[in-house]
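Work through the exercises below with the sequence and the coordinates open. Each task is followed by a worked solution.

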Amino acid sequence: MAELLFWPALLAYGEAAVAYGAEARRPGFAGRLAIWGVRVGWLLQTALLATQGARADGFPWSSWGGALNLFAWLVVAAYLIWGCRPRFRLLGLAVMPLAAVLLALAYVGGGFAARGDHPGTLLALHVAVMLAAFAGFTLAAGLSAFFLWHERGLKRREPRILRLRVPPLETLDRLAARSLTVSFGALTLAIALGVVSLARDGGRFDAAMAATLAAWLVYALFVLLRSRAGLHGRRAAHVSLAGFALVVLVLPITHFA
Amino acid sequence: MRLGLVGISHHRAPVELRERVALDADGAAALARALAVDGAEAVCLSTCNRTELYLAHADPASAKAQAAEALDALSGLESQQLSPALYRLRDEAAALHLFRVAAGLDSMVPGEGEILGQVRAAYERGAPGTLLDRLFRQALHAGKKARTHTAIAESPASVSAAAAALAQQVFGELDGRRILLVGAGKVSDLAARNLLSRGARISFVANRSPDRAAELAERFGAQPLQLDEIRPELERADVVVSSTSAPGFVVGRDDVAAALPARKGRPLFLIDLAVPRDLDPAIHELDGCFLYDIDDLEQVVAESLAGRRREAERAEAIVAAEADRFRAWHASLDVVPAIASLRARAEEIRAGELAKLEGRLGRLSDAERRAVESATAQILNKLLHLPTVRMKQAAVTADGVVYADAVRHLFGLGEEER
């Protein structure tokens, strides 16, 4: 059953990624095809996760493949909040190829096996909230990258700047900050859950925890500077991307270090 | 009824000639009414780029001659002077022309929006009948469709519109955004008006002449400033529009840099419409500051117009499809009366035959009588269905009229009246 849902979901994400490429060259019909690919793919992946959850004995997303599967789903879900709006369509150019690659990697890594483990409710909650926070940071990074790309176009005074339908700079800046702030709250909660779980079940402070704490510090700095010193625009985007670079490190370290 | 068009436009006539036949709304309405006599229909479309007379008349040649005479009379010139600039189109060509006009494809700036309103006004004030009513309604539909299904009308076509569109790339909606207007000339006034139309607010007007600054500030409900009072307001403004005749920079890089800490990361968009330039180009290097001068804006407009021309190809296809629909409808006008007469004649025969049988049918119950009526009506419908369909199909080809005449002849339709 999981196989039956995986391939169409991957196909839909792939179609969306290709269609977003076409949309960037010639806005119009390709954008509509892309957004339908995202919707259909996400629904299929939702069904896939539900099937997996129902069949597994335990929590099937604590393996790195399973975590990637859930992570990809959360990233696309976060994207869908804004991605359906015409001006945000091009954000899909960054998000959907990533989602398709993550889903394929999850498959290769055995993320769809019907077995689960029993990490306990607290740890399962920790993993789920952590992945949700990471998905939010991914979206914030996508928005920040989009901001930098659009800002560069305005700074270079590109004559064709008005031809692409992209969100205004201020909107991108605001949405990236909002996604990041909400995700920071989730990350804080996930870390707290992890600390409680660590204290209860025992364990050592490892590289994944160090990278997670470093990411937390970067994002805490962002939230602080945003509220106190008016961190906006290009600098804010750079901080968001720096935090995301640490997030990118955390997932592999968690399972391979 | 045939459709005819006589017109003059910027494609073939210089402004000296066009202005001679230009009419205001009342004049255009009066001319349309004057031409709509003896069952004819007329609509006059007069804008700064064109004056066109659309006519529906049984005799298109004489109608067009009348229209050309009317334009000659308007111009006050000899007919041979105006005639070379006039174009005369009929039927499908005239319809396609109007659809292209409504879509902005015949305009100087492809896709410009004003023409659609002008076509609507001409239609509402003209003297349309069945044919022109359908033609103009469909033209308005085609014009709207071309604009909504393509991006032909999306990009700005003037420097001031480009400046406003670029400001929207930074801020999104401009509602409540504060504009600092430096210089009180016509150019900055035009740009400011464009920003105002998108919801921005002119908060400050700075000018070398205090009187002129006060005059303009009063008009916009803004605060007047001297040129040396600009600096503190750079902390509060979102958009700066500058167009003075000052020989040097009015706002320097250091002025803007000094305002940045107080702005707390809010972007600043600056438009320099002056030559020589008013705003130091180095301002553009500052974080969160975007400075566009007249050359930058003109490049954006040129690219935007090129984009409109590319979109025009897609709009042409939409307009052609609409013109085909109109042609099919127009052609059906030739056969519809014949079909209606044929069906009326058949129904008359059916009713007559049933009346002859009335004596014998009297013995039937109401249910049996209804069954007989229904059966005879069905026989008629089935018999006439295929000829009706075939005639409608033929209507869109050149054979439509031939078919209609053949049916009239074979069934003797209309002979009673002769």
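**Exercise 1: the parallel sheet of chain B**

Task: give the strand order of the open sheet of 6 strands in chain B, then find its edges and the helices on it.

Solution. The model is a predicted one.

Step 1. The strands of this open sheet follow the order β7-β6-β5-β8-β9-β10 (chain B), and the pairing is parallel.

Step 2. β7 (223-225) and β10 (289-293) of chain B each have a single partner strand, so they stand at the edges and one side of each is left without a neighbour in the sheet. From one strand to the next, the twist averages 20 degrees.

Step 3. Take one pair from the order: β8 (residues 239-242) and β9 (residues 268-272) of chain B are parallel and share 4 bridges. In this pair B:V239 lies opposite B:F269 of β9(B).

Step 4. Add the helices. Helix α9 (residues 186-197) of chain B packs on the sheet and touches β5 (178-182), β6 (201-206), β8 and β9 of chain B, with its direction at about 155 degrees to that of β8(B). Helix α13 (residues 294-356) of chain B also packs on the sheet, touching β9 and β10 of chain B, and its direction makes about 80 degrees with that of β10(B).

**Exercise 2: the antiparallel sheet of chain B**

Task: which strands are the edge strands of the open sheet of 4 strands in chain B?

Solution.

Step 1. The order reads β2-β3-β1-β4 (chain B), with antiparallel pairing.

Step 2. The edge strands are β2 (41-46) and β4 (87-90) of chain B, each of which pairs on one side only. Direction ignored, neighbouring strands of this sheet are turned by 15 degrees against each other on average.

Step 3. Strand β1 (residues 2-9) of chain B runs antiparallel to β4(B), and 4 bridges join them. B:G4 has B:R90 as its bridge partner in β4(B).

Step 4. Helix α2 (residues 25-35) of chain B lies across β2 and β3 (50-57) of chain B at about 155 degrees to β2(B). Helix α3 (residues 60-75) of chain B packs on the sheet, touching β1, β3 and β4 of chain B, at about 25 degrees to the direction of β1(B).

**Exercise 3: the contact between the chains**

Task: how many residues does each chain give to the contact, and which element of chain B gives the largest share?

Solution.

Step 1. Chain B gives 23 residues and chain A gives 16 residues.

Step 2. On the side of chain B, α8 (159-171), β10 and α13 of chain B give two or more residues. The largest share, 7 residues, comes from α13(B).

Step 3. By type, the side of chain B that touches chain A holds 9 nonpolar, 9 polar and 5 charged residues.

Note on methods. Residues numbered from 1 in each chain as written. Chains lettered and ligands numbered in written order. Predicted model: local features only at pLDDT ≥ 70, side-chain atom pairs only at ≥ 80, totals over all residues. Pairing = 2+ DSSP bridges. Axes fitted to C-alpha atoms, helices over the stretch in contact; angles between N-to-C directions. Contact = placed C-beta atoms within 7 Å. Nonpolar A, V, L, I, M, F, W, Y, C, P; charged D, E, K, R; others polar.
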